[in-house]
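Look at the fold below and follow it from one helix outwards to the sheet, the cores and a pair of rings.

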Amino acid sequence: MLFRSKPITLVGISEQDVSRLGWPIDDGLLCRAIDRLEADGAAAIGVDLYRDKGVGPRQACLRERVKRPGSHLVSIFNAASAIGPIPGTPVERQAFNDLVLDPDAVVRRDLVHVGGQDGATVSLPMRLQELASGSDRLRRAIDNGSLAGPWLDSVWWAGSSGGYRDLDAAGYQQMLPFRAPGSFPSYDFGTLLANRVPPAAIRSKIVLIGSTAPSLRDL
């Protein structure tokens with residue numbers, strides 16, 4: 001087996017969190033959450049929130065956390081929209097969260113990897129897997145052609161990409177394996193801040209922090 005995926009725990013910013021803590025979430029609160037996750041031994045922490053510009057009076061704390069040697073924090077950027085990561089994020093802990101939209105504006109495909117890029121241009125799932133496992137074997141296997149996919153291909157004779165013939169298939173794309181709601185343990189952001197998330201749900205897990213409140217329309 002090339003790699004073994006790590007268990008995943010979700011920390012969602014809920015409607016109750018937005019009502020009580022405001023939006024966007026203050027950097028100081030994010031630092032508290034990150035410190036809790038680090039203390040409980042998270043294997044990797046993906047902050048799926050844009051923080052190229054800080055929020056609140058404690059912006060320095062988040063920028064300090066992301067630069068710490070040995071940090072497990074990954075900061076997203078968006079290449080298409082030119083939105084950067086948390087300022088000061090080391091290259092090896094940056095990740096893009098760009099999505100591939102179909103012509104009907106629905107996300108069905110996963111942009112797993114884009115070859116030939118700089119060291120920062122790695123997808124968020126790939127970066128989290130690498131940080132949690134301590135290995136970039138999966139990415140190297142894709143780059144050197146030893147992992148065959150199946151990858152979507154826009155060439156008509158490829159035969160396996162169905163309706164994606166003639167569409168943009170740049171990079172390494174595959175169909176998204178959608179999971180049913182409840183497939184991963186999930187806790188509200190406020191529950192984490194209140195130290196009510198069991199340490200076992202964090203230890204050695206990949207933890208994703210992002211918005212789940214419907215009003216935020218992070219679809």
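Just after helix H4 comes Gly134, whose phi is positive, near 75°. The model is a predicted one, and H4 is a useful place to begin reading it. The helix covers residues 124-133, and seven of its ten residues are buried, so it is mostly covered, where buried means under 20% relative accessible area. The buried residues are Leu124, Met126, Arg127, Leu128, Gln129, Glu130 and Ala132. What do the buried residues of H4 pack against? Their partners are E2, E3, E4, strand E5 (109-113), H5 and E8.

Several of those strands belong to a sheet. Six strands make up this open sheet, and their order across it is E4-E3-E2-E8-E1-E7, with parallel pairing. Strand E4 (94-96) and strand E7 (186-188) are the edge strands, each pairing on one side only. On average, neighbouring strands are turned by 25° against each other, direction ignored. Strands of a sheet pair through backbone hydrogen bonds, either parallel or antiparallel. Within this sheet, E2 and E8 pair in the parallel sense over four bridges. One residue to find there is Val47, whose bridge partner in E8 is Ile209. Helix H4 packs on the sheet and touches E2, E3, E4 and E8, and its direction makes about 165° with that of E3.

Now turn to the nonpolar residues. In soluble globular proteins, nonpolar side chains tend to be buried together. The largest nonpolar core here has 28 residues, and those with the most contacts inside it are Leu37, Ile45, Leu62, Phe189, Leu192 and Ile202. Two or more residues each come from strand E1 (8-13), helix H2 (27-39), strand E2 (44-47), helix H3 (59-67), helix H6 (189-193) and strand E8 (206-211). Which element gives the most to this core? It is H2, with six residues. Ile202 shows how distant parts of the chain meet: leaving aside neighbours within four places in sequence, Ile202 is in contact with Leu37, Asp40, Gly41, Ala42, Leu192, Val197 and Val207. Apart from this core lies another, of nine residues, among them Ala43, Val74, Ile76 and Ala132.

Helix H3, one of the contributors to the 28-residue core, has four named residues to look for. The buried residues of H3 are Cys61, Leu62, Arg65 and Val66. Seen down the axis of H3, they fall within an arc of 130°, so they line one face of the helix. An α-helix has 3.6 residues a turn, so residues three or four places apart point the same way. The cover over the buried residues of H3 includes H2 and strand E3 (73-77).

The structure also holds one aromatic pair. The rings of Trp151 and Tyr172 have centres 5.4 Å apart and planes at 70°, so the pair is edge-to-face. Trp151 lies in the loop between helix H5 (137-143) and strand E6 (172-175), while Tyr172 lies in strand E6, so the pair ties together parts that are 21 residues apart in sequence. Are the two residues buried or partly exposed? Trp151 is buried, with a relative accessible area of 18%, whereas Tyr172 counts as partly exposed at 23% relative accessibility.

Strand E6 also contains Met175, which counts as partly exposed at 41% relative accessibility. Met175 and Arg109 are 66 residues apart in sequence, yet 4.5 Å apart in space, C-alpha to C-alpha. Leaving aside neighbours within four places in sequence, Met175 is in contact with Arg108, Arg109, Leu152 and Tyr164.

Conventions: Residues numbered from 1 in each chain as written. Predicted model: local features only at pLDDT ≥ 70, side-chain atom pairs only at ≥ 80, totals over all residues. Heavy atoms only, no water. Core = buried A, V, L, I, M, F, W, Y, C linked by side-chain atoms within 4.5 Å. Buried < 20%, exposed > 50% of the residue type's maximum accessible area, 1.4 Å probe, protein only. Contact = heavy atoms within 4.5 Å. Phe/Tyr/Trp six-rings, centres within 6.5 Å; stacked < 30°, edge-to-face > 60°. Arc of directions from axis to C-beta. Pairing = 2+ DSSP bridges. Axes fitted to C-alpha atoms, helices over the stretch in contact; angles between N-to-C directions.
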